[in-house]
Amino acid sequence: MLNRRHIRIKVMQSLYAFKSTESDDLAKDERFLLHSLDSMYDLYLSILALLTELHKKSKNHNEKLQKKLLGSDADKNPNTKFQDNQLLQLIGENKMLQDIIGKRKLNFWDLDFEYVDILFKAIIKSKRYDDYINDSETTFKKDTQFIIDIYSEVIAPNDKLYDYFEDKKLTWVDDLPVVNTTLLKVIRKLKLTSPETALLPNLYKDEEDKEFAKSLLQKTILNNSKFSEEISKKTTNWDTERLASIDGVVLKMALCEFQKFPSIPYKVTINEYLEIAKEYSTPKSSLFINGILDKIVKEYQSEKLHLKTGRGLM
């Protein structure tokens with residue numbers, strides 16, 4: 001689920017929260033980071049819980065239509081295609097998934113049911129919904145594609161849902177793009193015969209990525225003063241406020257990768273942090289950061305310092 005850029009973003013946010021100080025309790029800082037990374041999985045699970053609640057809502061909606069005293073023939077015989085959606089049934093009947101959602105207390109949609117109502121109304125008003133229920137052919141593939149389309153076009157872009165997630169946990173806003181991509185990738189691969197674990201991808205690609213997250217945090221904190229001093233020598237008119245800003249954190253993390261991660265090419269590090277700066281710092285930050293990092297790399301190369309190993313090196 002996690003990619004290296006998102007790991008870097010999480011480390012950056014943690015360092016900024018700590019004000020990049022050399023902590024006396026690295027274990028506490030590490031727990032903070034790992035909890036932040038793990039909360040991304042909570043977001044993924046909460047969205048699956050939302051899909052389950054929307055599925056339940058479709059059944060309740062049809063039952064209410066059938067009980068209307070002055071209901072039309074259409075009300076008495078509602079279209080149950082959404083209610084019978086095979087993908088949603090697969091999600092709702094996945095015991096392992098539902099147990100994890102329950103243990104983590106992530107099915108908060110019972111209390112915040114108004115968001116389920118808003119999304120359900122938006123779904124049944126959409127053209128995708130009309131096309132789906134009027135299609136006489138029912139297959140798992142078509143049921144899956146409908147959920148992918150509805151999620152991509154109705155659920156994910158919903159402003160009220162976005163605001164809700166932001167209020168629930170601020171960092172979830174940054175996590176949403178990665179989680180949405182993962183969710184759709186997982187759904188596309190599902191089959192009726194898929195094992196229960198198919199809906200539960202690993203948070204980290206491998207153990208190396210988890211170690212990278214912890215190591216990047218620890219080594220940046222432990223070398224904070226050294227990196228600050230080195231950056232100051234390469235800049236003019238740099239005040240301490242800017243050094244403590246996002247720009248300063250990004251530069252220190254880049255220096256950490258330059259010096260402490262010999263297998264990561266300079267070019268990869270620079271490109272990653274320039275993209276992060278464009279998204280999280282000021283409009284001019286990426287140019288500023290690029291100039292400093294380029295100057296540092298050229299100095300390292302001329303003096304044969306912090307040599308890199310591996311393929312694709314700058």
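Begin by selecting Asp 38, which is partly exposed, with a relative accessible area of 30%. Keep in mind throughout that the model on screen is predicted.

With Asp 38 still highlighted, add Arg 104 to the selection: the two form a salt bridge in which the closest N and O atoms are 3.4 Å apart. This pair links distant parts of the chain, since Asp 38 belongs to helix 2 (residues 26-67) while Arg 104 sits in the loop between helix 5 (95-103) and helix 6 (113-124), 66 residues apart. Arg 104, like its partner, counts as partly exposed, here at 33% relative accessibility.

Move next to helix 5 itself and select Asp 99 together with Lys 95, whose closest N and O atoms come to 2.9 Å in another salt bridge. Because Asp 99 and Lys 95 are 4 residues apart in helix 5, about one helical turn separates them. Colouring by accessibility would set the partners apart, for Lys 95 counts as exposed at 53%, whereas Asp 99 counts as partly exposed at 33%. The cut-off behind that distinction is 50%, so Lys 95 falls above it.

Now select Glu 153 and Arg 128, whose side chains meet in a salt bridge with an N to O distance of 2.9 Å. Glu 153 lies in helix 8 (residues 140-155) and Arg 128 in helix 7 (residues 127-133), so the contact ties together parts that are 25 residues apart in sequence. Glu 153 is partly exposed with a relative accessible area of 43%, and Arg 128 is also partly exposed, at 36% relative accessibility.

For a group rather than a pair, select Arg 5, Arg 8, Glu 257 and Glu 272, which are joined into one network by salt bridges that share partners. If you then wish to display every such contact, a search of the whole structure finds 22 salt bridges.

The last stop is a space between residues rather than a contact. Rolling a probe the size of a water molecule over the atoms shows where empty space is left. The largest pocket has a volume of about 170 Å³, and to outline it, select Met 1, Val 178, Thr 181, Thr 182, Lys 185, Val 186, Lys 189 and Pro 201, which line it. Colouring this lining by residue class divides it into 4 nonpolar, 2 polar and 2 charged residues; Lys 185 and Lys 189 are among the lining residues and, as lysines, count as charged.

Conventions
Residues numbered from 1 in each chain as written. Predicted model: local features only at pLDDT ≥ 70, side-chain atom pairs only at ≥ 80, totals over all residues. Heavy atoms only, no water. Salt bridge = Lys/Arg side-chain N within 4 Å of Asp/Glu carboxyl O. Helix = DSSP H or I, 4+ residues; strand = E, 2+ residues; numbered from the N terminus. Buried < 20%, exposed > 50% of the residue type's maximum accessible area, 1.4 Å probe, protein only. 1 Å grid on protein atoms, 1.4 Å probe; cavity = no way out; pocket = protein on both sides within 12 Å on 5 of 7 lines; lining within 4 Å. Points joined across faces, edges and corners; volume = space filled by probe spheres on them.
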